[in-house]
Amino acid sequence: VQTPPRAPIADLDRMPLPAYHLTNMDAYIHAEHTSDFTGKKRRTMDLITSRGCPYRCIYCHTIFGKKFGGRSPRYVMDEILLLHDRYQVCEFVIWDDTFTMDIERAKAICDQITASGLTIALQLRGGVRVERMDEELMAKLKAAGAETMCVGVESSVARIQKLIKKNLNVRKVEQ
């Protein structure tokens with residue numbers, strides 16, 4: 001028996017923050033993968049600020065559907081503050097499929113981090129589409145502590161881009 005899929009949660013802010021207090025946080029914070037991009041050993045935690053991606057790349061998952069939905073910048077900041085203040089986390093690895101899908105939301109998250117006065121590091125390990133970036137966002141990411149980001153290019157060949165339905169703006173990547 002297979003039940004039909006449920007509708008995605010429209011307002012992600014209605015979901016409670018993870019029950020970190022029920023977990024052995026040191027086991028997660030000191031996990032092997034933490035800080036592996038930079039080589040720096042810091043108290044690190046994974047963070048997901050959004051779900052879904054509207055692009056149709058043939059190789060990607062559809063766990064969260066093909067519609068983007070993000071938590072509000074304030075809610076993201078609440079989780080960052082909780083992890084920083086209670087567990088001394090100073091590096092956050094963001095695993096969103098498309099953190100920069102909503103450019104204004106991404107800028108607002110950066111603004112919240114900068115305004116908080118926290119000195120933290122951000123690693124954007126999920127997919128970042130270059131079409132969903134601008135110079136202002138790049139500056140705000142740097143000010144907020146971004147150190148690394150993974151940009152999914154897959155191929156710069158137009159035929160391959162079309163075949164995999166990535167349809168990436170290769171000129172923007174070069175830029």
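The crossing of helix H2 with helix H3 is right-handed. This model is predicted. The report follows the helix packing and then the empty spaces.

**Helix H2 against helix H3**

H2 covers residues 73–87 and H3 covers residues 103–116. Their axes come within 9 Å of each other and cross at roughly 40°. That angle makes H2 oblique to H3. From H2, the contact uses Pro73, Arg74, Val76, Met77 and Ile80. From H3, it uses Arg105, Ala108, Ile109, Gln112, Ile113 and Ser116. By class, the contact residues of H2 and H3 split into 7 nonpolar, 2 polar and 2 charged.

**Helix H3 against helix H4**

H3 also packs on helix H4, residues 135–144. Here the angle is about 30°, and the axes lie 8 Å apart. H3 is therefore roughly parallel to H4. The crossing of H3 and H4 is left-handed. H3 brings Ile103, Ala106, Lys107, Cys110, Asp111, Ile113 and Thr114 to this contact. H4 answers with Glu136, Leu137, Lys140, Leu141, Ala143 and Ala144. This set of contact residues holds 8 nonpolar, 1 polar and 4 charged. Ile113 is named in the contact of H3 with H2, and Ile113 is named again in the contact of H3 with H4.

**Pockets and cavity**

The table gives the volume of each space and the classes of its lining residues.

| Space | Volume | Lining residues by class |
|---|---|---|
| Largest pocket | about 420 Å³ | 8 nonpolar, 3 polar, 4 charged |
| Second largest pocket | about 300 Å³ | 11 nonpolar, 2 polar, 4 charged |
| Largest cavity | about 30 Å³ | 8 nonpolar, 1 polar, no charged |

Start with the largest pocket. It has 15 lining residues. Nearest its centre lie Ala7, Pro8, Ile9, Arg51 and Phe64.

The second largest pocket is lined by 17 residues. Closest to its centre are Pro18, Ile48, Arg51, Arg71 and Glu79. Arg51 thus has a place in both descriptions: it is listed nearest the centre of the largest pocket and among the residues closest to the centre of the second largest pocket. Three elements each give two or more residues to the lining of the second largest pocket: strand S1 (44–47), strand S2 (50–51) and H2. S1 gives the most, with 3 residues.

The cavity count, at 30 Å³ or more, comes to 1. Leu47, Thr49, Val76, Ile80, Ile94, Phe99, Ile109, Ile113 and Leu122 line the largest cavity. H2 and H3 each supply at least two of these lining residues. The lining has 8 nonpolar residues, 1 polar residue and no charged residue.

**Where packing and cavity meet**

Several names recur. Val76 and Ile80 of H2 belong to the contact with H3, and Val76 and Ile80 also line the largest cavity. On the H3 side, Ile109 and Ile113 belong to that contact, and Ile109 and Ile113 line the cavity as well. Ile113 further takes part in the contact of H3 with H4. H2 appears once more at the second largest pocket, where H2 gives two or more lining residues.

Key
Residues are numbered from 1 along each chain as its sequence is written. This is a predicted model: local features need pLDDT of at least 70, side-chain atom pairs count only at pLDDT 80 or more; totals for chains, interfaces and linings use all residues. Side-chain values use heavy atoms; hydrogens and water are left out. Axes are lines fitted to C-alpha atoms, for helices over the stretch in contact, and angles run from 0 to 180 degrees between N-to-C directions. Helices (H or I, at least four residues) and strands (E, at least two) are DSSP runs, numbered from the N terminus. Angles under 35 degrees count as roughly parallel, over 145 as roughly antiparallel, 65 to 115 as roughly perpendicular and the rest as oblique. A crossing is left-handed if the near helix is turned anticlockwise from the far one by less than a right angle, and right-handed if clockwise. Contact means heavy atoms within 4.5 Å. Ala, Val, Leu, Ile, Met, Phe, Trp, Tyr, Cys and Pro count as nonpolar, Asp, Glu, Lys and Arg as charged, and the others, Gly among them, as polar. On a 1 Å grid over the protein atoms alone, a cavity is a set of points where a 1.4 Å probe fits but cannot get out, and a pocket is an open set with protein on both sides within 12 Å along at least five of seven lines; lining residues have an atom within 4 Å of a point. Grid points are joined across faces, edges and corners, and a volume is the space filled by probe spheres set on the points.
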